[in-house]
Amino acid sequence: MKTDALIIFTRNPELGKVKTRLAKTIGDEKALIVYNDLLLHTKNETHAINCDKFVFYDSVIVKEDIWSQDFYQKKRQSTGDLGQRMQDAFASLFEMGYQNCIIIGSDLFDLKAKLIETAFKELKDHDVVIGPAEDGGYYLLGLKKNNTLIFQNKDWGTSTVFEATVRDLATLKVCLLDTLNDIDTFDDLKRSSYDWAKLNPVLVSK
């Protein structure tokens, strides 16, 4: 019986197309290095979690990459804004018969396997599990059934997303996880656990 599924949203790691806000400070090449390190961290923290795992690529499914098909099933994100794409991803896995589905991105060096495992445990006793991000968004969302309301009428990528989502969940039993720092800007990177000084010693003094 299928029970737990983890959805991992990723961007295909292409120069000039990832971490564009970070790239404004450190350049496209270093931003790509950081994003590849984020992908590797996400893979390392998720590969041993006891659930079925799905990587959803934003543009092209890559067969030979860090996401071994021995551990990860591969899908492509649908079209539309982030809310529509997340809603469709959840819907596809609920239709496959999963009972507890969690979605994460690939933007946090602070996200650990233990926290994801805790989220799955909490989801058994709650309707929704959500992990707030310091920037006002969220880094993790766990559902037992699809909820179209929380994916609509949001200004994705802004500081209002978490607060607006919580309002939509007012009638449900919600578990809040620790607030974490996702990596969008150079300031985010400096506050993370990433050894970002290796990118360029000059950046250390900034």
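Let's start inside this predicted model, at its largest cavity: by class, the lining has two nonpolar, five polar and two charged residues. The residues that line this cavity are His41, Thr42, Glu45, Thr46, Gly105, Ser106, Asp107, Leu108 and Leu111. Its volume is about 40 Å³, and the count of cavities of 30 Å³ or more comes to one. If you wonder how such spaces are found, rolling a probe the size of a water molecule over the atoms shows where empty space is left.

Now for the sheet. Strands of a sheet pair through backbone hydrogen bonds, either parallel or antiparallel. Here, seven strands form an open sheet, and the pairing is mixed. Reading across, the order is S3-S2-S1-S4-S6-S5-S7. Strand S3 (72-76) and strand S7 (174-176) are the edge strands, each pairing on one side only. From one strand to the next, the twist averages 20°.

Strand S1 is a good place to look more closely. It covers residues 4-10 and is mostly covered, with seven of its seven residues buried. In a regular strand the side chains alternate between the two faces of the sheet. In S1, Asp4, Leu6, Ile8 and Thr10 point one way, while Ala5, Ile7 and Phe9 point the other way, and all are buried.

What joins S1 to strand S4 (residues 100-104)? Five bridges do, and the two strands run parallel. Strand S2 (residues 52-57) also runs parallel to S1, and six bridges join them. Here are some of the residues that face each other:

| Residue in S1 | Facing residue | Strand of facing residue |
|---|---|---|
| Asp4 | Asn100 | S4 |
| Leu6 | Ile102 | S4 |
| Phe9 | Phe56 | S2 |

Finally, a look at the cysteines. A disulfide is a covalent bond between the sulfur atoms of two cysteines. How many disulfides does the model have? The count comes to zero. Why does Cys51 have no such bond? The closest cysteine sulfur, in Cys101, is 9.7 Å from the sulfur of Cys51, and that is too far for a bond. Cys101, in turn, is in no disulfide, with the sulfur of Cys51 as its nearest cysteine sulfur, 9.7 Å away.

Are these two cysteines buried or exposed? Cys51 counts as buried because its relative accessibility is 13%, under the 20% cut-off. Cys101 counts as buried too, because its relative accessibility is 0%.

Note on methods:
Residues are numbered from 1 along each chain as its sequence is written. This is a predicted model: local features need pLDDT of at least 70, side-chain atom pairs count only at pLDDT 80 or more; totals for chains, interfaces and linings use all residues. Side-chain values use heavy atoms; hydrogens and water are left out. On a 1 Å grid over the protein atoms alone, a cavity is a set of points where a 1.4 Å probe fits but cannot get out, and a pocket is an open set with protein on both sides within 12 Å along at least five of seven lines; lining residues have an atom within 4 Å of a point. Grid points are joined across faces, edges and corners, and a volume is the space filled by probe spheres set on the points. Ala, Val, Leu, Ile, Met, Phe, Trp, Tyr, Cys and Pro count as nonpolar, Asp, Glu, Lys and Arg as charged, and the others, Gly among them, as polar. Buried means under 20% relative accessible area, exposed over 50%, partly exposed in between (1.4 Å probe, protein chains only). Helices (H or I, at least four residues) and strands (E, at least two) are DSSP runs, numbered from the N terminus. Two strands pair if DSSP finds at least two bridges between them. A disulfide is a pair of cysteine sulfur atoms within 2.5 Å. Axes are lines fitted to C-alpha atoms, for helices over the stretch in contact, and angles run from 0 to 180 degrees between N-to-C directions.
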